[in-house]
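Student: I would like to learn how to read a model of this kind, one feature after another. Could you give me the general idea each time, and then the case at hand?

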Amino acid sequence: MKKTKLVKVGTAAAAFAALQCAFPVLAFASEKEGIAVLIPDMNEFIPMLVAFLIILAVLAKLGWPVIDNIITKRETTITEALKKSEEAQVESERVLAEYRKQLADAKAQSAQIIADARATGESVKADITAKAQAEAADMIEKARGAIEAEKKAAIAELQSSVADTSIAVASKVIGADLSDDEHRQLIERYVNEAGSFNAN
Amino acid sequence: MPTNRHTAKAEAELYATTLLEALNNEGGLDAVMNGRTQIDTIIRYARANAQLNEVMADSSIAPEQRAQLVKRVFADCEPALVSVLAVMAERGDFSRLNRIWDIYDAKIREKFNVCVVDVVTRVALDDHLREVIKNKAGKDLGCDVVLNESIDTSLLGGIIMSANGQRIDASVNTMLDNARTALKKN
């Protein structure tokens with residue numbers, strides 16, 4: 001169809017060219033002067049007008065629809081491209097919003113995870129600290145108990161040693177220093193101070 | 001029907017009575033008291049000498065041999081006591097001497113109305129001290145008191161008195177032990 005139209009345009013152009021050859025315009029040296037120079041010469045104007053009208057008609061009949069069709073198609077193409085572009089832009093905006101939302105969710109989730117981990121870490125840290133403190137306190141208490149026991153044992157041993165030494169010294173003093181009469185006086189005193197047979 | 005326990009008690013009574021009568025016939029209260037002291041010494045000797053107990057309990061040794069042994073070992077004691085001990089050894093009753101001594105002591109109290117107070121001191125008692133002890137013990141026990149004195153140089157001082165199974169320990173040793181215990185407690 002396009003080809004046919006082009007052939008037709010070519011034919012019209014060829015006819016116009018033949019017409020121009022059939023009616024040559026004669027070029028003459030200008031003989032007018034003043035305002036007459038601006039007024040067209042009818043001998044030239046009319047053929048040129050006819051030729052123009054023929055070309056115009058041919059173009060209006062054969063060329064313009066083709067051009068119009070091409071322009072329309074181009075317009076349609078551009079419109080569709082723009083529409084697609086808008087749709088793509090909308091889609092991209094939607095996807096972007098979705099990505100942003102996902103990113104925000106991921107950020108929130110990661111923040112929550114970090115917060116949870118931090119809380120868990122704090123809790124574990126507190127537990128470990130409390131346990132360590134309890135163990136340390138227990139060890140200190142045991143150490144204090146052991147020290148106290150050792151101290152008491154040492155004091156008891158010292159007391160025992162002092163008591164044994166004192167008694168040994170007293171025994172030696174009494175055994176060596178008392179005369180028989182002093183012993184008898186001691187016996188008499190003890191007999192008088194001793195308890196009764198009935199009391200036993 | 002008498003049990004072994006009753007039989008043993010009756011036999012111990014018989015030994016004690018026989019011994020008391022024999023010693024009383026020999027030398028009166030002095031011999032009785034002397035015999036009492038000797039029995040006490042023999043008991044302590046027997047406690048410290050396991051071999052004597054083994055021999056006395058050994059059924060493979062003839063009764064006559066046990067009697068002879070006792071007579072030889074305790075020849076210095078009162079003759080009546082040695083005779084009774086020989087019979088006991090012959091009959092295998094030597095281990096009952098401790099019980100016989102208790103009964104014998106009780107019979108002395110019954111027969112002579114005297115209480116024997118065993119007194120242990122580091123130095124010998126003088127008459128004044130004997131009187132003091134007799135007065136105190138007689139007041140406590142309600143009978144005439146006969147002292148059975150013995151010296152123990154391991155005592156640092158003071159006196160230990162025993163009568164009727166009761167004991168008053170007023171020795172320096174015990175007092176020092178009490179002081180030692182009190183010091184250690186504090």
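Student: What share of the residues in chain B is buried?

Tutor: A residue is called buried if 20 or more other C-beta atoms lie within 10 Å of its own, exposed if 12 or fewer do, and partly exposed in between, with the C-beta atoms placed from the backbone. In chain B, buried residues make up 28% of its 186 residues, whereas in chain A they make up 4% of 200 residues. Please keep in mind that this is a predicted model, in which local features need a pLDDT of at least 70 and side-chain atom pairs count only at pLDDT 80 or more, while totals for chains, interfaces and linings use all residues. Residues are numbered from 1 along each chain as its sequence is written, and chains are lettered from A and ligands numbered from 1 in the order in which they are written.

Student: Which residue illustrates the partly exposed class?

Tutor: B:S83 counts as partly exposed because it has 17 C-beta neighbours inside 10 Å. B:S83 is found in helix α4 (residues 79-91) of chain B, and its C-alpha atom is separated by 9.1 Å from that of B:V70, 13 residues apart along the chain.

Student: How many helices and strands does chain B have?

Tutor: Helices (H or I, at least four residues) and strands (E, at least two) are DSSP runs, numbered from the N terminus. Chain B comes to seven helices and four strands, in the pattern α-α-α-α-α-β-α-β-β-β-α along the sequence. Chain A, in turn, has three helices and zero strands.

Student: How should I read the pairing of the strands, and which residue is the bridge partner of B:M161 in β4(B)?

Tutor: Two strands pair if DSSP finds at least two bridges between them. β3(B) and β4(B) pair in the antiparallel sense over six bridges, and the partner of B:M161 in β4(B) is B:I168. These two strands form a hairpin with two residues between them, and B:N164 in the turn has a positive phi of about 55°. β3(B) also pairs with β1(B), in the antiparallel sense over four bridges, with B:I159 in β3(B) as the bridge partner of B:T121. Five of the six residues of β3(B) are buried, so this strand is largely enclosed by the rest of the structure.

Student: Why does the length of helix α6 of chain B agree with what is expected?

Tutor: The expected span of a helix is 1.5 Å times one less than its number of residues. The 15 residues of α6(B) (residues 127-141) should therefore span 21 Å, and the end C-alpha atoms are 20 Å apart, which agrees. The buried residues of α6(B) are B:L129, B:I133, B:A137, B:D140 and B:L141. They cover an arc of only 80° around the axis, taken from the directions from the helix axis to the C-beta atoms, which puts them on the same side of α6(B). The face turned away from that buried side carries the exposed residues B:D127, B:H128, B:E131, B:N135 and B:K139. Just after the helix, B:G142 takes a positive phi of about 75°.

Student: What do the buried residues of α6(B) pack against?

Tutor: Two residues are in contact if their C-beta atoms, placed from the backbone, lie within 7 Å. The buried residues of α6(B) pack against α3 (180-193) of chain A together with β1 (114-121), β2 (144-151) and β3 (158-163) of chain B. The contact between the chains takes 25 residues from chain B and 25 residues from chain A, and on the side of chain B that touches chain A α6(B) gives the most, with seven residues.

Student: Which residues have the most contacts inside the largest nonpolar core?

Tutor: A nonpolar core is a set of buried Ala, Val, Leu, Ile, Met, Phe, Trp, Tyr and Cys residues joined through C-beta atoms within 7 Å. The largest one has 45 residues, and those with the most contacts inside it include B:L19, B:A137, B:I159 and B:M161. Its largest share, nine residues, comes from helix α1 (residues 4-48) of chain B.
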